[in-house]
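Work through the exercises below with the sequence and the structure at hand. Try each task before reading its solution.

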Amino acid sequence: MTFDRPKKPGQLPQSPAIQRSSPANKDIKPKKVITVGGGNSGSGNKGNGSNGDNSNNQQPSPWLDHPLHPDGRSPFVDENKTASFVEYLRWMRSPDSPAKDPTKVQILQKAEQDANYRDRLTQLTERTKLIAGEGNYFQVKCPWRIRVGGHRGPESILLPAFDALGMPYIPSSTLRGVARTEAIRQFMAEEGIDWKQAEQKVAPYFGSLKAKDSDRTGKVIFLDAYPLPIGSTRSGGIAVDIANNIWNWDGEILDYSPNPNPFFSLKETTFLIGLRRRPSCNDKNFGRIQQWLISGLRSGIGSQVNTGYGRLITAGQKNQIDKFFQIEFSLEGQLIHGRQKFTQWNWKHDKQKWETRGQPDAEVRPTAFKSMLRYWFRALARGVLPTSEVKRWEADLFGSINPQTRGWIAVQITNGRIVQPEARANFDGKKDPCGKQAGILTLSYSSEIPESSRDAVRDLFITLTWLMFHLGGIGQGARRPCYSRQTRDRAPWWRGSTLIPEREDEFWKLPDTVSEFRQKFRQRLEHFYRALGKLTGRTIEPRSPLTIGQVRPDTWHEAVDSNCRIVVCAGASHNYKPYALSVLHDPELQRGRDYDGDLCGKVRPRVKPSPVWIANLGDYQVVTVFGSTQDPRRNYLQELRDRTSQQNYAQIFPLPNPK
């Protein structure tokens with residue numbers, strides 16, 4: 001049933017909920033309605049989005065029905081914390097807006113915070129133990145997040161798998177598929193046979209319609225796996241997650257269009273896995289099937305396995321992956337965010353509609369690192385390869401939806417954490433800490449990578465990771481280094497993003513001077529292009545870069561091509577900003593009283609990212625400028641060059657032609 005959304009503060013739906021009753025069940029109480037915290041009718045409290053009218057100041061609940069109570073009391077009723085998310089979905093309304101509906105964020109957050117499925121999950125996991133029998137069950141832990149199965153719910157919410165009563169779980173069919181696939185792969189590797197031959201080998205263990213007699217049913221019954229309600233995971237680990245497909249290919253044009261889509265995944269959940277033997281299953285076969293399952297779970301299940309999702313490990317085991325590179329890192333500034341937490345509704349008089357306020361929720365997410373590696377691979381490759389080939393190799397390496405490919409590279413973060421930094425005094429003596437995150441970035445091969453491509457991919461990504469650390473930040477504000485806004489009269493005091501490798505070996509150690517750094521950076525670029533040529537089988541000419549599209553004052557392409565410049569410079573900071581950033585923000589380069597949108601980016605009328613990236617490496621900054629052959633970008637580079645002494649300025653890209 002669908003109800004109209006309130007159009008102004010306090011306006012309730014025109015049609016109250018229809019309470020269905022049966023003559024044989026007259027005493028049945030109406031179903032309890034799940035609501036958000038409302039009904040607190042203030043008197044002109046602007047913080048609650050009031051318009052100053054006592055009769056029209058209630059916060060809306062656009063996805064719930066709240067008919068007036070017969071005795072005139074508040075229409076809002078406390079929610080039942082044991083209600084499954086399916087119950088929440090029954091009160092979801094059809095959205096008025098085509099996308100990005102804020103009520104979706106509110107309902108997901110409400111279910112995450114208030115759900116308490118402890119009793120039901122305890123009952124389900126105890127049932128699994130009884131059915132499987134002593135010694136036939138074990139626990140697996142998800143170090144980060146997992147999303148298995150599921151479907152699209154109201155307002156296109158991506159939902160994980162729920163059972164008939166709305167409890168999160170891993171279906172038995174998924175577990176059987178994981179174990180069977182792992183068995184097939186192991187037979188292929190051990191005996192050098194193809195997939196179809198390996199399927200015949202595993203048929204006696206898992207069953208097959210083509211098998212004979214008892215082999216048709218398999219040796220083991222897989223049971224549904226439910227979360228263990230341990231610690232603080234009352235809901236089985238249900239947590240709001242987000243996907244944001246920022247860059248999209250439209251033919252050979254790359255379109256920037258952020259589209260954050262909140263959904264549910266399970267976070268840091270421990271599952272109970274149960275197997276029940278069939279009469280024909282001996283100890284040897286049972287142990288073999290169990291090991292296949294454990295190995296398959298460790299490799300990852302569900303969606304987004306290549307970005308840290310879905311890895312499940314048993315107690316006492318390490319998360320073994322086919323890694324080829326690791327680097328410990330720290331991140332300072334605005335940080336990586338998983339989502340915007342809903343805080344309150346606000347009535348916008350100028351727009352005559354309700355809008356929401358949110359608060360960023362910091363989380364160390366491997367998806368952010370994979371996206372940034374993808375961004376710089378694409379930008380660098382577009383300058384030396386035809387766009388059609390860049391698209392194909394991007395899909396092969398990182399995965400894609402269309403065509404649907406998993407990708408050859410997996411990105412994982414271990415020990416990801418928020419670091420409590422020391423508070424720093426700002427201009428008026430207040431203390432305001434700079435945000436900091438840390439962890440270990442791990443790159444590994446997926447099961448899809450051809451054996452012949454491993455060496456080239458390893459060389460390519462080790463160098464690409466080095467370039468990523470020295471071209472910009474990651475997360476929010478990645479195009480600017482972390483800097484202070486202590487002269488401002490309001491927060492946030494810290495902006496930008498600085499990504500720091502926490503290693504000082506020869507590969508990561510930076511030289512002292514600008515000219516020495518230019519030489520090292522050029523060596524890394526040349527190594528990247530050599531690895532790209534080896535991988536693609538093409539002759540790469542980095543000293544004669546391609547020209548991507550046409551550059552105008554308001555048009556550029558984010559590609560390291562003939563119109564791009566990368567420089568390194570050093571100078572004194574100004575207004576708490578690194579030197580290169582202080583020049584970028586200089587009033588002389590502004591348009592009127594605001595930053596020039598074709599130099600610093602803009603958000604209205606349409607979001608347009610800045611064509612300038614600045615990475616602060618301490619003694620000097622690396623500046624990347626796309627579309628630098630046209631003003632205002634050309635003018636910025638000229639100003640930077642004119643204001644910098646000769647020994648503190650050097651051009652890195654384009655690479656010089658050999659003499």
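Buried means under 20% relative accessible area, exposed means over 50%, and partly exposed is in between, with a 1.4 Å probe and protein chains only. The model is predicted, so local features need pLDDT of at least 70 and side-chain atom pairs count only at pLDDT 80 or more, while totals for chains, interfaces and linings use all residues. Residues are numbered from 1 along each chain as its sequence is written, and side-chain values use heavy atoms, with hydrogens and water left out.

**Exercise 1. The chain as a whole**

Task: State how many helices and strands the protein chain has, and what percentage of its residues is buried.

Solution. Step 1: helices (H or I, at least four residues) and strands (E, at least two) are DSSP runs, numbered from the N terminus. The protein chain has 13 helices and 26 strands. Step 2: of its 659 residues, 51% are buried. Step 3: contact means heavy atoms within 4.5 Å. Among contacts between residues at least 6 apart in sequence, 73% join residues at least 24 apart.

**Exercise 2. Two residues with positive phi**

Task: Locate Glu-268 and Gln-304, and decide for each whether it is buried, partly exposed or exposed.

Solution. Step 1: Glu-268 sits in the loop between strand E10 (260–267) and strand E11 (270–277). Its phi is positive, about 50°, although Glu-268 is not a glycine. Because its relative accessibility is 42%, Glu-268 counts as partly exposed. Step 2: Gln-304 belongs to the loop between helix H6 (283–299) and strand E12 (313–314). Phi of Gln-304 is near 60°, again a positive value in a residue other than glycine. With a relative accessible area of 47%, Gln-304 is partly exposed.

**Exercise 3. A residue in H6**

Task: Is Ile-294 buried or exposed, and which residues is it in contact with?

Solution. Step 1: Ile-294 lies in helix H6. Step 2: its relative accessible area is 9%, so Ile-294 is buried. Step 3: leaving aside neighbours within four places in sequence, Ile-294 is in contact with Phe-138, Thr-314 and Gln-317. Step 4: Leu-175 is 119 residues away from Ile-294 along the chain, yet their C-alpha atoms are separated by 9.8 Å.

**Exercise 4. Two helices that pack**

Task: Describe how H7 and H10 pack, and name the residues that meet.

Solution. Step 1: axes are lines fitted to C-alpha atoms, for helices over the stretch in contact, and angles run from 0 to 180 degrees between N-to-C directions. Helix H7 (residues 366–382) and helix H10 (residues 514–536) pack at about 85°, and their axes are 11 Å apart. Step 2: H7 is therefore roughly perpendicular to H10. Angles of 65 to 115 degrees count as roughly perpendicular, under 35 as roughly parallel, over 145 as roughly antiparallel and the rest as oblique. Step 3: from H7, Phe-377, Leu-380 and Ala-381 meet Leu-525, Phe-528, Tyr-529 and Leu-532 of H10. By class, this contact has seven nonpolar, no polar and no charged residues.

**Exercise 5. The nonpolar cores**

Task: Which residues touch the most other members of the largest nonpolar core?

Solution. Step 1: a nonpolar core is a set of buried Ala, Val, Leu, Ile, Met, Phe, Trp, Tyr and Cys residues joined through side-chain atoms within 4.5 Å. Step 2: the largest such core has 75 residues, and Phe-369, Trp-376, Phe-377, Leu-441 and Phe-461 touch the most other members. Helix H9 (residues 454–471) supplies the largest share of this core, eleven residues. Step 3: another core, of 48 residues, lies apart from it, and includes Met-167, Ala-183, Phe-264 and Ile-289. Step 4: not counting residues up to four places away in sequence, the residues that Phe-377 touches include Val-390, Trp-393, Leu-460 and Phe-528.

**Exercise 6. Prolines**

Task: Find where Pro-632, Pro-654 and Pro-511 lie.

Solution. Step 1: Pro-632 is in the loop between strand E25 (621–625) and helix H13 (633–643). A cis peptide bond joins Asp-631 and Pro-632, with omega about 10°. Step 2: Pro-654 lies in the segment after strand E26 (649–653). The bond between Phe-653 and Pro-654 is a cis peptide bond, with omega about 5°. Step 3: Pro-511 is in the loop between strand E22 (497–501) and H10. At 17% relative accessibility, Pro-511 counts as buried.

Note on methods: Ala, Val, Leu, Ile, Met, Phe, Trp, Tyr, Cys and Pro count as nonpolar, Asp, Glu, Lys and Arg as charged, and the others, Gly among them, as polar.
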